[in-house]
Structure formats: structure tokens, C-alpha cells
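Work through the exercises below with the structure in view. Try each task before reading its solution.

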Amino acid sequence: MSPAACSELERRLIDCYQRGLPLVPRPWAEIANELGVEEVDVLAALERLQRDAIVSRVGAVVRPRAIGASTLAAMVVPPERLDEVAAMVSARPEVNHNYEREHRINLWFVLAASDHDAVERAIRAIEQATGIAVIVLPLVDEYRIDLGFELSWT
Amino acid sequence: MDVTETDRRLLAGIADGLPLVERPYRRVGDDLGLSEAEVIARLRALIGAGMVRRLGIVVRHHELGYRANAMAVWDVPDDRIQEAGRLLAAEPDVTLCYRRDRRPPEWPYNLFAMVHGRCRRLVQMRVAQLSDLPSLAGLPNAVLFSRRRFKQRGARYAPLAEVA
């Protein structure tokens, strides 16, 4: 899906509502009012964006460590085992991001759970299941707050 | 602000997003035994306290045409990392910027930045520019482009069973 496939309304939604979703009983109606369209148009546009996976959700981005615990982690996976190991990692409910990256340390994932112990248990379980050591890279400090993603529509 | 048990249930309840119905906060409240007004008030309080960074549309970069995604990392001396991190975070195109623990010898880097772009070459050029910033010039660094995305969704801090 390319951005060119986004309608004018879809682009404006993405540009303007990555934060500040109205906290009123009918937020889509309020957005529609602000954009000069109908509530059903906003709902249909958001449904389409979610269905085509351009938008993963309309929801909350929680500050790291505000609730629960999370960490970045990585593994050195032999190339011939990458599909298998990646699937085992993705299958863990604690894992929310999981990527192959171009490096000797080639599998990178983020785990989140209710507390530090639960994150630790998930890491131990992944090590046991795969036989590969997990490199744990916890957050120490954040220099940029996630305020959404600024797009240049070309 | 203390995050209450109700807040945890609320955030877990919307971890996969608000329902796309006319009154989403009422629907969320119905599922959790909260009133619509309580849901709105708790979200407002969580945003006000900075526990929720933002409430809105969460996009997927790749699907929007931002196909090149690089994790750029540097090994910055501990006494200089705060300044370097703040300067790097202020650069356009840096979407996330973190300090993380090093894990020597296999992982010597402590400053992480995500850079997204429409093509690899532009992201490479951008990361090279960032590496020339005065606070980063000459430091050991690496650029890890993503190759395959196996999983991408919001964090779930509570098991789904606790949500109901």
C-alpha cells in the first residue's frame, strides 16, 4: 500500500490525529466536524486504514515503564534457523515487535509484561526453547517522546 | 500520579485499539464495568500525567511507504551521552531516541535512534549526517537496517485473561 492510495480524508486523519483524539462521547463525530465531513465518513476511513494495515490501531501509546516492564532484546540466530526461531519468539504473548536486522546479531524484539519478573521469565523461556542466549538491552533513558510520525506525502 | 488497578485494566482493554463504533469509550467501559464518563476521565488523567504519551492513530511506517527502517547506534562516553541524546533526538527524521545498557563485548553501543525513510539510500545518507554531528563525530557506530518484520503490534502489559 502506497501513500498515494490514501484519500484526502485519510491523509488528513493521519496528519492530524496521531495524538489529541477527542475525549468526548462521540470522538469521530467531533473529528468529522473539525474536518467538515460526516461521522460515518471518519469511521469508514479509519476502518479502511485498519483493514489495509496502514493504521495498526487508534489507541494509547503508553510511556515505557509507566505500567509494567519492557525491554529490547536480541539474539544471534544461525541463518538456517531464523524462520523457526523468529516464529518461536513471535509466538510469545509478551513480544510485540520482532524484526530481522542486518547484523551478526540478527533477531531483534521487544517484550512487555506486567512486571520485571514476567519479562525475565519470558526471556528465560525463549532461551530454553531455542537454545540461544538472549542479549537484553533495557532502557536507561529516553531522549525523544513519541509524538507520532510526521509524513511527507509525495 | 499512581497508576491504579483500574487504569491498568483500562489500558490493557484498549491495547489493541479503541473500537470503531459511535461511542467507543462507552463500549470500552461496558467491557470493563466502567461508565463512559469514567473511561474518559481516566484517559484524560493518564494523558495529563504523561503515563499515556498520546491517544490517537498509530501508523505502520512500512505500509505508508517508509520501507527503509534503520536502527542507528553509537557508543557514547557515559559523561557525554545525555547531551548527545538530546541533540540527536532534536534532529528531523529521528523518530525514537534511547539510551540502553551496553553488553560488551558483543554489543558496545549505548545510544539508539530509529530513522525511517522511503528508500535505503536516503536513510543511509541521513544516518551519515547524524554521525557527523559534533557530539557523535568519530564515535564507534553501526546501522542495522530491518530486513523482515515478523511481528508488530502494541505492547500488552497485562495478560489478556486479566482484562475481562
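**Exercise 1: a pair of strands**

The model is predicted. Task: find the residue of β1(B) that is the bridge partner of A:R57.

Solution. Start at A:R57 and cross to β1(B): the partner is B:V58. Next, take in the whole strands. Strand β1 of chain A covers residues 55-62. This strand pairs with β1(B) over 7 bridges, in the antiparallel sense.

**Exercise 2: where the chains touch**

Task: describe the side of chain B that touches chain A.

Solution. Begin with the totals. On chain B, 65 residues are in contact with 64 residues of chain A. Now list the elements that each supply at least two residues of this side of chain B. The helices are α1 (5-13), α2 (24-32), α3 (36-48) and α4 (81-89). The strands are β1 (52-59), β3 (94-100) and β5 (141-152). The largest share, 10 residues, comes from β5(B). Finally, sort this side of chain B by class: 32 residues are nonpolar, 10 polar and 23 charged.

**Exercise 3: two helices crossing**

Task: decide how α2(B) lies relative to α3(B), roughly parallel or roughly perpendicular.

Solution. Look at the axes. They come within 8 Å and cross at roughly 105°. Angles of 65 to 115 degrees count as roughly perpendicular. Therefore α2(B) is roughly perpendicular to α3(B). Now name the residues that make the contact. α2(B) brings B:Y25, B:R26, B:V28 and B:G29. α3(B) brings B:E36, B:E38, B:V39 and B:I40. By class, this contact has 4 nonpolar, 1 polar and 3 charged residues.

Terms used. Residues numbered from 1 in each chain as written. Chains lettered and ligands numbered in written order. Predicted model: local features only at pLDDT ≥ 70, side-chain atom pairs only at ≥ 80, totals over all residues. Contact = placed C-beta atoms within 7 Å. Helix = DSSP H or I, 4+ residues; strand = E, 2+ residues; numbered from the N terminus. Nonpolar A, V, L, I, M, F, W, Y, C, P; charged D, E, K, R; others polar. Pairing = 2+ DSSP bridges. Axes fitted to C-alpha atoms, helices over the stretch in contact; angles between N-to-C directions. Parallel < 35°, antiparallel > 145°, perpendicular 65-115°, else oblique.
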